[in-house]
Amino acid sequence: MFVDRVKIFVKGGNGGRGCVSFRREPYVPKGGPDGGTGGRGGDVTLLAVSHQNTLLPLRYHTEFRAERGTHGGPGNRTGAEGGELVVSVPPGTTAVDEATGDVLGEVLRDGDRLVLARGGRGGRGNRSFLSNRNRAPRESEPGEEGEERWVRLDLRLIADVGFLGFPNAGKSTLLASISAARPKVADYPFTTLTPVLGVVEVDERTFVAADIPGIIEGAHTGSGLGLQFLRHVERTRVLLHVVDASGLSGRDPVQDLRAVREEVRSWKGEMLDRPQLVAATKRDAVAAEDPLPALRAEARGLGLDVFPVSAVTREGVLDLVRALAARVAEARTAAETPVAQGERP
């Protein structure tokens, strides 16, 4: 089961309390205070791990409390710190404070860490209160309470290429033909109900492609499954518009391309500034009136390249994959190039 949004309760460990103690040794009168400080409580930390791609484990385990620090001891002994509690999540997870709506941060790469709730500081023992005016202090401090909050975790898959298109446009079949992914394929709409990732290799280049459920008009307002999954292409470097160009489905590929781009613009307009290609699918079965010329003309006006493909016969698939790999490589290079001082990225 794919789960991309959960709510969990996190609490940092409480700090240990300080100790009130006085030295008691033979032949050492008036030994003085020697109460130690309590240990600090443990943190609750989010950790990105690459072998996970869903938040499903957190759907049933929703409460995380870190270990408290131990109390200070005599002989100026400081209490042990509480152990850190690590919550493993897939890369691309964002943490939001449920009460305030503030974004606490995100973990984007394998090994990234984010503290969700800090442990409390340990209380001071009476040794810390020793002064010229107070030679025998009997006060100490309790440990501080650890932070606690409800946190909403929101997963946005990290992929290089995002497939966009209407239901039954051939996205799943195309992904299955260019990668080892095996999404559900059937001749009816909405066969894909959850995002599917596939690793694509071509000419010693590798990139990750994401197939999301089909988008329909009004997806950005919540219609269909688009609103639930459009966010999974927010972090992609390249967008691939997949349109049925067979002419046998009764759909107009030109109108489909316009409609999908409009939904993306309404969801997050800056996504259309990214590199985009058009895959004209199902070219192994074409109607008497071929819709490809009109689609090419529309794409040319938008500055987009069209690649006629057939996932069944593999016609045009290699050219499409090579073009995607080239766009991904260019986008990666642009992202890694430092921006000169005074220039806008």
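How many bridges join strand 1 (residues 5-11) to strand 8 (residues 148-155), and do these strands run parallel or antiparallel? Select both strands to begin the tour: seven bridges join them, and the two run antiparallel. Please note that this is a predicted model.

**The whole chain**

Display the entire chain as a cartoon. The protein chain has six helices and 14 strands. Of its 345 residues, 48% count as buried. Among contacts between residues at least 6 apart in sequence, 74% join residues at least 24 apart.

**The five-stranded sheet**

Return to strand 1 and strand 8, and show valine 10 as sticks. The bridge partner of valine 10 in strand 8 is arginine 149. Next, add strand 5 (residues 93-97), which runs antiparallel to strand 8 and is joined to it by five bridges. Within this pairing, threonine 94 stands opposite aspartate 154 of strand 8.

Now extend the selection to the full sheet. It is an open sheet of five strands in the order 3-1-8-5-6, and its pairing is mixed. At the edges stand strand 3 (63-65) and strand 6 (103-107); each has a single partner strand, so one side of each is left without a neighbour in the sheet. On average, neighbouring strands of this sheet are turned by 25 degrees against each other, direction ignored. As background to these pairings, strands of a sheet pair through backbone hydrogen bonds, either parallel or antiparallel.

Show the side chains of lysine 7 and tryptophan 150. The charged end of lysine 7 sits over the ring of tryptophan 150, at 5.5 Å from the centre of that ring. For a wider look at the rings, note that the structure holds one aromatic pair.

**The six-stranded sheet**

Select strands 10, 11, 9, 12, 13 and 14. They form an open sheet of six strands in the order 10-11-9-12-13-14, with mixed pairing. Strand 10 and strand 14 are the edge strands, and each pairs on one side only. Neighbouring strands of this sheet are turned by 25 degrees against each other on average, direction ignored.

Within this sheet, select strand 12 and strand 13. Six bridges join them, and they run parallel. Leucine 239 stands opposite glutamine 276 in strand 13.

**Helices across the sheet**

Which strands does helix 2 lie across? Select helix 2 together with strand 9, strand 10, strand 11, strand 12 and strand 13: helix 2 lies across these strands and runs at about 145 degrees to strand 9. Seven of the eight residues of helix 2 (residues 171-178) are buried, so this helix is largely enclosed by the rest of the structure. The buried residues are Lys171, Ser172, Leu174, Leu175, Ala176, Ser177 and Ile178.

Then move to helix 5. Helix 5 lies across strand 12, strand 13 and strand 14, running at about 155 degrees to strand 14.

**The nonpolar cores**

Show the side chains of Val161, Phe163, Leu174, Phe207, Leu240, Leu320 and Leu324. Of the 25 residues in the largest nonpolar core, these touch the most other members. The elements that give two or more residues to this core are strand 9 (161-164), helix 2, strand 10 (196-202), strand 11 (205-211), strand 12 (238-244), strand 13 and helix 6. Helix 6 supplies the largest share of this core, with seven residues.

Centre the view on leucine 240. Apart from residues up to four places away in sequence, leucine 240 touches Val161, Gly162, Phe163, Leu164, Leu174, Leu277, Val278, Ala279, Leu320 and Leu324. A second, separate core has 22 residues, among them Val6, Leu46, Ala117 and Leu155.

**Two loop residues with positive phi**

The last stops concern the backbone. Most residues other than glycine have a negative phi. Select lysine 282, in the loop between strand 13 (276-281) and helix 5 (292-302). Lysine 282 has a positive phi of about 60 degrees although it is not a glycine. Lysine 282 is partly exposed, with a relative accessible area of 26%.

Finally, select arginine 314, in the loop between strand 14 (305-308) and helix 6 (317-336). Phi of arginine 314 is also positive, near 70 degrees, in a residue other than glycine. Is arginine 314 buried or partly exposed? Arginine 314 is partly exposed, with a relative accessible area of 45%.

Methods
Residues are numbered from 1 along each chain as its sequence is written. This is a predicted model: local features need pLDDT of at least 70, side-chain atom pairs count only at pLDDT 80 or more; totals for chains, interfaces and linings use all residues. Side-chain values use heavy atoms; hydrogens and water are left out. Buried means under 20% relative accessible area, exposed over 50%, partly exposed in between (1.4 Å probe, protein chains only). Helices (H or I, at least four residues) and strands (E, at least two) are DSSP runs, numbered from the N terminus. Rings of Phe, Tyr and Trp (its six-membered ring) pair if their centres lie within 6.5 Å; planes under 30 degrees apart count as stacked, over 60 as edge-to-face and the rest as tilted. A charge sits over a ring if NZ of Lys or CZ of Arg is within 6 Å of the ring centre and within 35 degrees of the ring normal. Two strands pair if DSSP finds at least two bridges between them. Axes are lines fitted to C-alpha atoms, for helices over the stretch in contact, and angles run from 0 to 180 degrees between N-to-C directions. A nonpolar core is a set of buried Ala, Val, Leu, Ile, Met, Phe, Trp, Tyr and Cys residues joined through side-chain atoms within 4.5 Å. Contact means heavy atoms within 4.5 Å.
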